[in-house]
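Me: Could you take a close look at one part of this model for me, the place where the two chains meet? I would like one connected account, with enough about the chain itself to put that part in context.

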2 protein chains.
Amino acid sequence: MALKSRPILDMNAFNAASDGCCDPLLDRRLKNCGAASVLYYRRPIEMVRAQGVWMEAADGSQYLDFYNNVSSVGHCHPQVVSAISAQAAQLNTNTRYLDRRVESYLERLKATLPTELSNVVMCCTGSEANDLALRIAIKATGRSGVIVTETAYHGNTLAVMEISPASYKQGEPSEHVHTIPAPSRVAYGNDIEVGFAQAVERAAQTLKRRGHPPAVFICDSIFSSDGVFTNPTKFLAGAVAAARNAGSLYIADEVQPGFARTGDTFWGFERHGVIPDIVTMGKPMGNGFPMAALVTHPELLAIFCRDVGYFNTFAGNALAAAAGMAVLDVIESEGLQQNATRVGAHLLARLGKIVTDDPRVVEVRGAGLFLGIDLCQPDDPGSPNPALAAELINALRDRHVLIGATGCYGQTLKVRPPLCLTTTEADLFVDALSDSLAVT
Amino acid sequence: MALKSRPILDMNAFNAASDGCCDPLLDRRLKNCGAASVLYYRRPIEMVRAQGVWMEAADGSQYLDFYNNVSSVGHCHPQVVSAISAQAAQLNTNTRYLDRRVESYLERLKATLPTELSNVVMCCTGSEANDLALRIAIKATGRSGVIVTETAYHGNTLAVMEISPASYKQGEPSEHVHTIPAPSRVAYGNDIEVGFAQAVERAAQTLKRRGHPPAVFICDSIFSSDGVFTNPTKFLAGAVAAARNAGSLYIADEVQPGFARTGDTFWGFERHGVIPDIVTMGKPMGNGFPMAALVTHPELLAIFCRDVGYFNTFAGNALAAAAGMAVLDVIESEGLQQNATRVGAHLLARLGKIVTDDPRVVEVRGAGLFLGIDLCQPDDPGSPNPALAAELINALRDRHVLIGATGCYGQTLKVRPPLCLTTTEADLFVDALSDSLAVT
């Protein structure tokens, strides 16, 4: 394949060199944030407020948000806002004091998870949770090797950036990291479970030969950065078994699929009938309040804590517990998991029609409200088309619909609206996508 | 010295094995958090609310907070609470959209710093900021060695835990890390600047010999975990020059001393007349809202960003900007830096009297409202007394005053009240300390 795998954001994001900068606010941003500044769209949008699935720009126009999976129960959900406001006024300290609100939250969270995973470590970000999970696995196994998918993203610390090929602008993984293709039909044919399991097995052997036997197989159960691979359910089971046969632990990175997004189940790994050794979570956990967690077996945590202390100043205090509890309440009281299933199925059906009609739209996959739309060259279904993805993202922006791309070439539209999406709003997106395809 | 350096928290914290567990809430906590549970005091306190420098326990009693440097402008400060509440209801998304509130905050923050440090990268925790700072320094120098003080704490990710000897329960630093004694009179005699600079120079040579020439000298400018070393001002200048002579960068970890706590200056490094290559900050930045940052030269950040993308989902959005701006506003409008100087000087003077009166209190040091009180054996001023520190911390808890310990043996009381402390409240602490000393 002629295209080199590259960071997704480069394709559709603002680029000062090619897009120019004539806006005073943009100029301030570039001066303040320098090379680390990343902005969506060739013409970035100034946002001022948001509610539900809608975001409002400075010019007063409304954008339908089909991208942001952090404000998962809806932007600025009044129940979450009110929980944060009330708790911030009452107490916001660290977890070295007892607090029954915190314990109630941890118990409520644990009730959504397999009973054997009974210890929670609260963190502030998914990166912190994955960094800690990696350390626990390395300590518990006495090993150093890591198996990840080839466009995985697990966070931004030194340790987890090394296992996040999606972040590399150049270079190759370190020798303790081995990448395998994501579980796509393109990579493994029709028996994804067997092919993916064999890839894990071979990766384990390679790592052993390099002197880094595998400590951990880590994957996002919906492969958000690899391109969104959802089906058939249970295809992860073989890979997890292969990893364990090779002496490795299995970390389920639920930062993106977790908290009811996939519809069928509350957690992404449940769709695959597997029980992880460690589960990490983050993004939608506090609907935007910075919080994350790791859940594991008491024995694994105890091994880690023999050598090193772990404390996280901001994490898991009463403010985080209030935000997190409100999110769980809203998911339940508004039936958002069921809504994700229902509206997700509607979206999938309507997008299926586009696949039939437009040869550049080669496949649509999804579980609940996490979908991927694969784009190919018009004359070659096997040839990814990231340029079209970038065009569509910017064309949809001009139609006031927010969306992004994923996949190893950036060829897949990543569909992740807030879970309160209605079928009417889903239709708005499909219509805008059809219109955009018609003019690109 | 007979005592082995060990984690400070072990000495005065709750220990389920020795302290027992007969409280249902404590039992829930241990079941939920397992081995990673760390609680202050032999008899942990259940907190329910807090305001200013006072925290209220579940039994209705009020505790004077002389420990928590996160709620630095006062617990649940109404202006910060109101800024968080208003912004949470309006917009809480990520920084890939433009937002003028964010840029205004970054500019306000930058105005407190040397002008050459003009790029800000927002993070969620001090750990993330230090992890990123370390990576930037490693990339910019093409080197791997790190010089830290021997009881430093720089965070909890894999990379920064390695440079945080305070977290080790056993084991020694990796070969790319070299530790030097903190800048105390005990370690370096009366010319701390020269002694500390020589220690950095020797550390650089050692690291070079090991094949890890120094990329970075990182220190907390008030040495919070090493025992609080504040004077003479400017003593850091020699060490920074020695590090740079050896080809290393200098990271100022301002997570603890920053944001006006040290009274004389807004940032701890300013007291020493040095300009860091990278400044990291966190804890008090949002008065408890999870936020942190790294500030550096555009050139250093650009080198890093050539190879790797950096994006932090929750960091630096409008909600963080609102919290951070409110904190800067309150520090200014309430004159908290001046208050830290004034009340800190009062505290230092009153504590000086205790040094004179009690042979077990060997020295008091401080800058603004960050003080250290060194405890020694009654018959030997050179012999640290962590057991007395642990007794005093628990005795003060029983007198409803919250305090902790620091230092390589845990022999130093660490005094860090909110910056809105009054002299009357300062006197309450000194009286409670005198009373506690009288009975221990």
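Reply: Happy to! Bear in mind throughout that this is a predicted model. Let me begin inside one chain and work outwards. The centres of domain 1 and domain 2 of chain A, taken over C-alpha atoms, are 25 Å apart. Domain 1 is built from two stretches, 8-73 and 335-439, while domain 2 covers 78-333. Where these domains touch, 25 residues of domain 1 of chain A are in contact with 30 residues of domain 2 of chain A. On the domain 1 side, at least two residues each come from α13 (336-357), β11 (361-367), β12 (370-377) and β16 (412-415) of chain A. Of these, α13(A) gives the largest share, with 5 residues. By character, that side of domain 1 of chain A divides into 11 nonpolar, 12 polar and 2 charged residues.

As a whole, chain A holds 15 helices and 16 strands. Its radius of gyration is 21 Å, close to the 22 Å that the globule rule gives for 440 residues, so chain A is as compact as a globular protein of that length. The C-alpha trace of chain A spans about 60 × 55 × 45 Å along its principal axes, and 61% of its 440 residues count as buried. Of the contacts in chain A between residues at least 6 apart in sequence, 75% join residues at least 24 apart.

Now to the part you asked about. Chain A and chain B each bring 82 residues to their contact. Several elements of chain A supply at least two residues each to the side that touches chain B: the helices α3 (24-33), α4 (78-90), α5 (100-110), α6 (126-141), α7 (158-161) and α11 (298-307), along with the strands β1 (47-51) and β4 (119-123). The largest share, 7 residues, comes from α3(A). Sorted by character, the side of chain A that touches chain B has 43 nonpolar, 22 polar and 17 charged residues.

How are the two copies arranged? Chain A is superposed on chain B by a rotation of 180° with 0.0 Å of shift along its axis, at an RMSD of 0.0 Å. That is the relation of a two-fold axis. Within chain A, Ser85(A) has the C-alpha nearest this axis, 2.5 Å from it. The contact fits the picture nicely: 100% of the interface residues of chain A are also interface residues in chain B, so the copies meet through the same surface.

Notes. Residues numbered from 1 in each chain as written. Chains lettered and ligands numbered in written order. Predicted model: local features only at pLDDT ≥ 70, side-chain atom pairs only at ≥ 80, totals over all residues. Domains from an automatic or database assignment. Contact = placed C-beta atoms within 7 Å. Helix = DSSP H or I, 4+ residues; strand = E, 2+ residues; numbered from the N terminus. Nonpolar A, V, L, I, M, F, W, Y, C, P; charged D, E, K, R; others polar. Least-squares fit on C-alpha atoms with pLDDT ≥ 70 in both. Rg over C-alpha atoms; globule rule 2.2 N^0.38 Å. Buried ≥ 20, exposed ≤ 12 C-beta atoms within 10 Å, placed from the backbone.
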